Amino acid sequence: MKDGSKATLHRRNRLLAALEPEDLSWLEPYLEIVDLPRGKVLFETGEPIRHTYFPHDGVVSLVTVLQSGGSVEMAVFGREGALGFVSALVTRQSFGRYITQIPGTASRVPLERLNEGVAERPKLRHAMFRFTEAFLAQTLQTVACNAVHSVEARCCRSILTTRDRTDRDEVPLTHEVLAEMLGVQRSSVSSVTSALQRAGLIVQGRGTIRITDRQGLEATACECYRAICDSFDRLLPGALRCD
């Protein structure tokens, strides 16, 4: 792949694209393009983190894995940000499982190089720490959402969240993936999505969900969806486009 093509791919991640040109130029020699196939586990709970990933078009979930074998999503990452940076700020160990839900590609940088840049380059440090604040706001909101909101509302939030990170109204979401993200039985997801289809908000396809009434879907979702969007808009304008 030519250097120009690599640079274009790096900039598909909006956090990288928003960096000052000199900061991105400093990072570029250390960035590599990697594939994120569906189901790929980037880090398991407790594993050492050696790289930070900046997704281009894929979607990665950070999930808590329970002793029962079940899991529930705490945060989601797409082209608006980076994964593996915040987890490594203190212990350098993953505090959950990072798993690819929607396949795509990403720019990957060794954590040591990124930390060096954060230590030496104030504007790069500012950008990464603002993302860190947005990530923490998302995580805390999601924890509260999982505790108090209905499966229907959370399902709508997850569909919209995935749509915003892929820029497609037809998102490659299966019932199995949604069940993993929500920490519920697949049958619960099937019941909810069937009701959403009858209401004219979505159309289900083979391994896909197409949004047909975005406003109606957002109205059915809980306030957590818009709260997370607002946090990103305040801290990283333009990185996450919720429209």
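This is a short guided tour of a predicted model, with a suggestion at each stop for what to select next.

**Stop 1: the annotated domains**

Start by selecting residues 15–128, where an unreviewed UniProt entry places the feature "domain: Cyclic nucleotide-binding". This stretch is 24% helix and 35% strand. Find its two ends, and you will see their C-alpha atoms 8 Å apart.

Now switch to residues 149–215, which the unreviewed UniProt entry labels "domain: HTH crp-type". Here the chain is 58% helix and 12% strand, with end C-alpha atoms 19 Å apart.

**Stop 2: the nonpolar core**

Next, look for the largest nonpolar core, a group of 68 residues. Try selecting Leu 27, Phe 54, Met 128, Phe 131, Ile 159, Leu 173 and Leu 217, the members that touch the most others. Then color helix α5, residues 122–148: with 6 residues, this helix gives the most to the core.

Zoom in on Met 128. Which residues does Met 128 touch, leaving aside those up to four places away in sequence? They are Leu 15, Phe 54, Ala 82, Phe 85, Leu 114 and Val 118.

**Stop 3: Glu 73**

Finally, select strand β5, residues 71–77, and pick out Glu 73 within it. Is Glu 73 buried or exposed? Glu 73 counts as buried because its relative accessibility is 5%, and the cut-off for buried is under 20%.

Show the neighbors of Glu 73: beyond residues up to four places away in sequence, it touches Ser 61, Leu 62, Val 63, Thr 142, Asn 146, Glu 180 and Met 181. For a last distance, draw a line from Glu 73 to Leu 31, 42 residues apart along the chain; their C-alpha atoms are separated by 28 Å.

Technical notes. Residues are numbered from 1 along each chain as its sequence is written. This is a predicted model: local features need pLDDT of at least 70, side-chain atom pairs count only at pLDDT 80 or more; totals for chains, interfaces and linings use all residues. Side-chain values use heavy atoms; hydrogens and water are left out. UniProt positions are given in the numbering used here, feature names are shortened, and annotations may be inferred rather than shown by experiment. Helices (H or I, at least four residues) and strands (E, at least two) are DSSP runs, numbered from the N terminus. Buried means under 20% relative accessible area, exposed over 50%, partly exposed in between (1.4 Å probe, protein chains only). Contact means heavy atoms within 4.5 Å. A nonpolar core is a set of buried Ala, Val, Leu, Ile, Met, Phe, Trp, Tyr and Cys residues joined through side-chain atoms within 4.5 Å.
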